[in-house]
Amino acid sequence: MKNLDVCLTPALIPLYNVPDYIVVVIDIFRATSSICYGIENGAEAIIPVSEVEECAAYREKGLDYLLAAERNGEVVEGFDFGNSPFSYTPDKVAGKTVVLTTTNGTHALHLSRSAKRVVIGSFLNLTSLCNWLKTQNENILLVCAGWKNNFNLEDTLFAGAVIEQLKDSGFILDDPSIAANDLFQLGKADIAQYLSKTSHGERLKKLGIEKDIAFCLQVDITTAIPVLDGEKLLKL
């Protein structure tokens, strides 16, 4: 039997033996949604880095890379863009490599690097991701990026949506997985309405970017699965 576990915040990653798993990194508002959209739209690669300074250092390398940096929901001054999905359209990213650092998503990703494989999940690629996970004879750990190492609703509810599609495929669920799936049952009739109460959603609304929230809650508008290959996220 395979395990299907949920890590509710990056602060809990040390409690898991990460090399035993395929890890799915989840940061619904907005990093993993934008990564899925960018890879779908022809980005050659997305390089996730932990710190703004690491991102800025790529400018000195003289490469034709786009530099994307977000902190606390806002674009960091001096960078090409942040992590709004509307920055990852084909006209902006097709054929390009993007170097990306965000408050939560890239942090969770770096803590997961020792996994057997690291892939990126969002509502945008939900079904294609789940169909692929069903074909893998491996333990799966869904890592919720949360907000600054705290639990958040949107990432956990998405983990529950993944579990909904996988739970009858021979997995053993841990307690956080059961809780995440229960949360999904509460919210699935109207996910946007259920998540309208989230603290990060409120932060984004104060920045006037409600359209990003609505975009990130669209289901199955992409099929690409970004996978970490060395330092780069590529199309699986």
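Are F123 and F158 buried or exposed? Here is a short note to help you find your way around this predicted model.

1. To take that opening question first: F123 and F158 are both buried. Their ring centres lie 5.0 Å apart with the planes at 80°, and since planes over 60 degrees apart count as edge-to-face, this pair is edge-to-face. The two residues sit 35 residues apart and link distant parts of the chain, with F123 in the loop between strand 7 (117-121) and helix 5, and F158 in helix 6.

2. Next, please look at helix 5 (residues 126-134) and helix 6 (residues 153-166), whose axes come within 10 Å and cross at roughly 50°. Helix 5 is therefore oblique to helix 6. The crossing in which helix 5 passes helix 6 is right-handed.

3. Which residues make this contact? Helix 5 contributes L126, T127, L129, C130, L133 and K134, while helix 6 contributes F158, A161, V162, Q165 and L166. Sorted by class, the contact of helix 5 with helix 6 has 8 nonpolar, 2 polar and 1 charged residues.

4. Back to the rings: the model has 6 aromatic pairs. One of them joins Y58 and Y65, with ring centres 6.0 Å apart and planes at 35°, so this pair is tilted. Y58 is buried, at 9% relative accessible area, whereas Y65 is partly exposed, at 22% relative accessibility.

5. Finally, there is a cluster worth finding in the viewer: Y37, F86 and F215 are linked by ring pairs.

How values were computed: Residues numbered from 1 in each chain as written. Predicted model: local features only at pLDDT ≥ 70, side-chain atom pairs only at ≥ 80, totals over all residues. Heavy atoms only, no water. Axes fitted to C-alpha atoms, helices over the stretch in contact; angles between N-to-C directions. Helix = DSSP H or I, 4+ residues; strand = E, 2+ residues; numbered from the N terminus. Parallel < 35°, antiparallel > 145°, perpendicular 65-115°, else oblique. Left-handed = near helix turned anticlockwise from the far one by under 90°. Contact = heavy atoms within 4.5 Å. Nonpolar A, V, L, I, M, F, W, Y, C, P; charged D, E, K, R; others polar. Phe/Tyr/Trp six-rings, centres within 6.5 Å; stacked < 30°, edge-to-face > 60°. Buried < 20%, exposed > 50% of the residue type's maximum accessible area, 1.4 Å probe, protein only.
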